[in-house]
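Reader: I have a protein model open on my screen and would like to walk through it with you. Could you help me read it, one question at a time?

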Amino acid sequence: MSGEPSKFMETTCVIQKPQKKQKPNGNPKCLGNLPDEVLRHILSFLPTTDAVRTSVLSRRWEYLWASIPNLNFGRQPANRNLLMDFVERALCLLDSSVIKRLSLSCDVLGDASRINTWISTAVRWHNVQELNVHLEKIERFVPLPYCLFNCKTLTSLHLDMMYVLKLPTTIYFSSLKILSIQRVTFLNEYLTRKLFSGLPVLEELKLRNCSWGDLKFVSISAPKLHRLFIFENDTRNRDFGSPSDFCQVTIVGDSLKKFCYIGNLTGEYCLCKSFSLKEAYMKEAYIHTTWVSLSERREQIALRMIKLLIGLSNVEQLTLSSYTIEHMMYAAGQLPHLPMFNSLMI
């Protein structure tokens, strides 16, 4: 017995060699051990102002934000001057890396040239891929930089501004797949046609509350366009002018699969070659008019609606609002001209 270790001694031996404590998950060193690429990915989900604040954490973090792929500069009306200076400094301190997504929302006032410089910087020096621009309070607008309309790297563009869209004579988006234009007024018929024909790989187009201005004819022709959405809701509070005061919009839909229209058909829309169309949705908005009687206005809308439906004859799924169906009765004499919709499934 004396030559064998006692059970008490074995127990004591185990107690004297405890397991090494693990560092808690909240320890900053755990985050600091991550590769720079992972940290930049995490920072890209933060508003840019918050991402820049991390530069005070340590020397390693000081300029880590300067190479994040996503930049988001939102509106801060109470500190507009501070925001403008911050955006300018942030773009100057960025390294030469590519900007994957840039979101810019601000009041323009008298700083249109300054904002254009930011957009040019993103296009020329950082090969921006996704650009979201939301501009308010435009006092004196300077045309958007021409380099934007010939950007080779841009894959997604969202433009929202209540102003006239002044286009350059050369327009070609070689990589643009998604285009969203909101609240703009199209001014030049020839250049507007060039815009909608200079989109060789465009797959999705959204036009929301835009105005065709004095344009009489517009053609939308993008060979790979799959989805087209047109929203004209805010026109319900505007006068429609004379019966001849409208724009004829022709849509060449060789590859179109989904079409959605919500509005009051202040313009005349016509689909051509829409043989691949799978799904369509139409909803009529409220009618407001002062130039003709309400019944005459309804008849005009009904005629335009029927013309649009003729272009949807190959659709497989068709959704019409009850208001739309009701309006078609104001052109009952034209109903026999409606197509048979032989491909319709729903």
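Reader: Where in the protein is confidence lowest, and where is it highest?

Author: Happy to help! This is a predicted model, with a mean pLDDT of 82 for the protein, and 81% of its residues reach 70 or more. At the low end is helix H1 (residues 7–15), with a mean of 41. Confidence is highest in E6, at 98.

Reader: How many contacts beyond four places in sequence does the model have for residues 6–26?

Author: Over residues 6–26 the pLDDT stays under 50. Residues 235–244 are also below 50, and that stretch has 26 contacts beyond near neighbours in sequence. For residues 6–26, the number is 4.

Reader: Thanks! What share of the residues in the protein is buried?

Author: The secondary structure comes to 9 helices and 15 strands. Among contacts between residues at least 6 apart in sequence, 63% join residues at least 24 apart. Of the 346 residues in the protein, the buried share is 42%.

Reader: Which helix gives the most to the largest nonpolar core?

Author: That core has 88 residues, and those with the most contacts inside it include Leu165, Phe259 and Leu312. Leu312 touches Phe259, Leu271, Leu277, Ala280, Met282, Leu318 and Phe341, residues up to four places away in sequence not being counted. As for helices, the one that gives the most to the largest core, with 6 residues, is helix H6 (residues 112–124).

Reader: Why are the buried residues of H7 on the same side of the helix?

Author: In helix H7 (residues 189–197), the buried residues are Leu191, Thr192, Leu195 and Phe196. They lie on the same side of H7 because the arc they cover around the axis is only 135°.

Reader: Which strands do those buried residues of H7 pack against?

Author: Let's start at the end of the helix: Asn188 caps the N-terminal end of H7, with a side-chain oxygen 3.0 Å from the backbone nitrogen of Tyr190. The buried residues of H7 pack against strands E5 (164–165), E6 (178–182), E7 (185–186), E8 (204–208) and E9 (217–221).

Reader: Is the pair of Phe186 and Trp212 stacked or edge-to-face?

Author: A search of the whole structure finds 7 aromatic pairs. Phe186 lies in strand E7 and Trp212 in the loop between E8 and E9, so their pair ties together parts 26 residues apart in sequence. Both residues are buried. The ring centres are 5.0 Å apart and the planes are at 20°, under the 30 degree cut-off, so the pair is stacked.

Reader: Which residue do ring pairs link with Phe186 and Trp212 into a cluster?

Author: You have already met this residue among the buried ones of H7. Ring pairs join it to Phe186 and Trp212, and the residue is Phe196.

Reader: Is Glu232 buried or exposed?

Author: Glu232 is found in the loop between strand E10 (227–231) and strand E11 (248–252). Its relative accessible area is 4%, under the 20% cut-off, so Glu232 is buried.

Reader: Which residue has a side chain joined to that of Glu232 by a polar contact?

Author: Leaving aside neighbours within four places in sequence, Glu232 is in contact with several residues, including Asn209, Trp212, Tyr261 and Tyr269. Tyr261 and Tyr269 form a tilted aromatic pair, 5.3 Å centre to centre with 50° between the planes, and both are buried. The polar contact with the side chain of Glu232 is 2.5 Å, and the partner is Tyr261.

Terms used: Residues numbered from 1 in each chain as written. Predicted model: local features only at pLDDT ≥ 70, side-chain atom pairs only at ≥ 80, totals over all residues. Heavy atoms only, no water. Buried < 20%, exposed > 50% of the residue type's maximum accessible area, 1.4 Å probe, protein only. Helix = DSSP H or I, 4+ residues; strand = E, 2+ residues; numbered from the N terminus. Arc of directions from axis to C-beta. Contact = heavy atoms within 4.5 Å. Polar contact = N/O pair within 3.5 Å; in protein donor to acceptor, adjacent residues only side chain to side chain. pLDDT = per-residue confidence, 0-100. Core = buried A, V, L, I, M, F, W, Y, C linked by side-chain atoms within 4.5 Å. Phe/Tyr/Trp six-rings, centres within 6.5 Å; stacked < 30°, edge-to-face > 60°.
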